[in-house]
Amino acid sequence: MKLQLDPTACQAYGLCHEEAPNLVDLDEWGYAQPRATEVPPGEQATAEAAVRICPNAALRLAQR
Amino acid sequence: MTEPSILVGGTGHLLGPAPHTVEHLAAYRSRGGNRTGPTPDELLDLVEEAELLGRGGAAFPLALKLRSVRERPGPRVVVANGAEGEPGSVKDRHLMRARPYLVLDGLRRACEVIGADRGYLYVADPVAAERLRAALAVAPPPVPIVVVEAVSTYVAGEESAAVRFLDGGPALPTAKPPRVFERGVGGAPTLVANVETLAHLALLAAGRSAAGDLLVTVAGAGQPPLLAEVPLGTPLRELFSRPRAVSGALVGGMFGGLLDEKVLDLPLIPQAYAAAGGALGCGAIWLLGPEDCPVTVAADAVGYLAAESARQCGICVSGTRGLADALTALATGADPGAGAERLANLARWSAGLPGRGACGLLDAAARVAGSLLRLHGALAEQHTERPCPACLAHPPAAGARLLVPPTEPYFPQGAP
């Protein structure tokens, strides 16, 4: 599973990064940059929390 | 500005024998058009054998695109994309204005190949839209086809923006996935194909393949723009009757970045442009003459793109603005103390921004900036030390110099 960002929805709240600093970086403007790598099995719950906390539903966990 | 002149090379089947006139149905039929021709399966094989690549910009193999929609459950839809949002390109407009029956024939063939129950002609140019409507009235196709007038913006021709507009929304790109072949107009698997690509399909069906040709629009260097049909692999140099002083080019419309003066000898094929670090895209090429500084041209292109951002993706708004402001400041010599930081920002952004927007606009802006640093790094650095006379004489103006007509009146005139 990978974290996928809808760039049209990201409003740079930054909550995903607070929730999952190892899975999502923020760029210099504050927009989210999910790491391109697979979410490690042990971090699944963290990834799901990052998806849930986005006020604009910009993140999702997907197979591809 | 002057109207484009026309050069017909290669087979000449795309532009036809009378490119300055509007082709009538009888003339199109006399050239093998609208005949029964091969079956849809046979035509798909012909496309495969011809290794036809899409002419809208991405150079995606048409056979693969046709198959990917055809193998999905129906209903299916075909969209002929005539939005032609690259301001340096006129070739699609010309085809639709001068040879509406050829474009319609191609769209009908595409519907047959993938088993679509309807088709759309998605067109930004009102003159082309009128011609196509007139042609539809003269020769109604077996599947329902409607002309939809698109808006004249850079992103309107992006395939997901086209689908969104046809579904009643704004002509703005959507996040992928899904791709339009999975979920397009009304949720149906949709083939979005450029109008030149569809013209090729009609010519293949008529036994008059021009798959070895492409249309290009060449402008800049103080010369009138040129619309040309040329064999793939022709170098630009061979298109000019007199040698031109050219120091480089902005290629692929605004999508392929800058190339240096070797562009004149680069074969006009997507692979060669990609290998040179650019992209042939829709075949629009803007040449830099002796009076054009690449820094200003880059600032102009990125300024245009920043203004055309759909403003949906925050990263595109911030990224294109950052790039455009930095390039404009380099060109105008503003605040020279910040020059080093500006160059460092440009380097970091041009590497880090591609792929982060919902469409390719941000990638295009990053590519222009990256190509400037790669090819003209020393020149860019000089701009932080002393004012550039060429930039000051022709300062960036949000891309005005990069726009190619047509404006009205424009050839050819008359009803189809």
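How many bridges join strand β3 of chain B to β4(B), and do the two run parallel or antiparallel? Select residues 118–123 of chain B to find out: five bridges join this strand to β4(B), and the pair runs parallel. Keep in mind as you click around that this is a predicted model.

**Stop 1: the sheet in chain B**

While β3(B) is still selected, pick out B:G119 and look across to β4(B), where B:I145 stands opposite. Now widen the view to the whole sheet. Four strands make it up, in the order β4-β3-β2-β5 (chain B), with parallel pairing, and the sheet is open. To see where it ends, colour residues 145–149 and 190–194 of chain B: these are β4 and β5, the edge strands, each pairing on one side only. Turn the sheet a little and you can look at its twist, since neighbouring strands are turned by 20 degrees against each other on average, direction ignored.

Next, add residues 195–205 of chain B. This is helix α8, which packs on the sheet. There, α8(B) touches β2 (77–82) and β5 of chain B, and its direction makes about 95 degrees with that of β5(B).

**Stop 2: the domains of chain B**

Zoom out and give each domain of chain B its own colour: 5–205 for domain 1, 216–288 for domain 2 and 294–393 for domain 3. Domain 1 and domain 3 of chain B have their C-alpha centres 34 Å apart. Where they meet, domain 1 of chain B supplies eight residues to the contact and domain 3 of chain B supplies seven. On the domain 1 side of that contact you'll find five nonpolar residues, two polar ones and one charged one.

**Stop 3: a helix pair**

Select residues 314–332 and 339–352 of chain B, which are helices α11 and α12. How do they sit against each other? Their axes come within 10 Å and cross at roughly 140 degrees, and the crossing of α11(B) and α12(B) is left-handed.

Show the side chains next. From α11(B), the contact residues include B:L323, B:A326 and B:L330, while those from α12(B) include B:R342, B:L346 and B:W349. Taken by class, the contact between α11(B) and α12(B) has six nonpolar, three polar and one charged residues.

**Stop 4: where the chains meet**

Finally, bring chain A back into view. How many residues does each chain put into the contact? Chain A gives eight and chain B gives nine. Chain A's side, where it touches chain B, is made up of five nonpolar, two polar and one charged residues.

How values were computed:
Residues numbered from 1 in each chain as written. Chains lettered and ligands numbered in written order. Predicted model: local features only at pLDDT ≥ 70, side-chain atom pairs only at ≥ 80, totals over all residues. Contact = placed C-beta atoms within 7 Å. Nonpolar A, V, L, I, M, F, W, Y, C, P; charged D, E, K, R; others polar. Domains from an automatic or database assignment. Pairing = 2+ DSSP bridges. Axes fitted to C-alpha atoms, helices over the stretch in contact; angles between N-to-C directions. Left-handed = near helix turned anticlockwise from the far one by under 90°.
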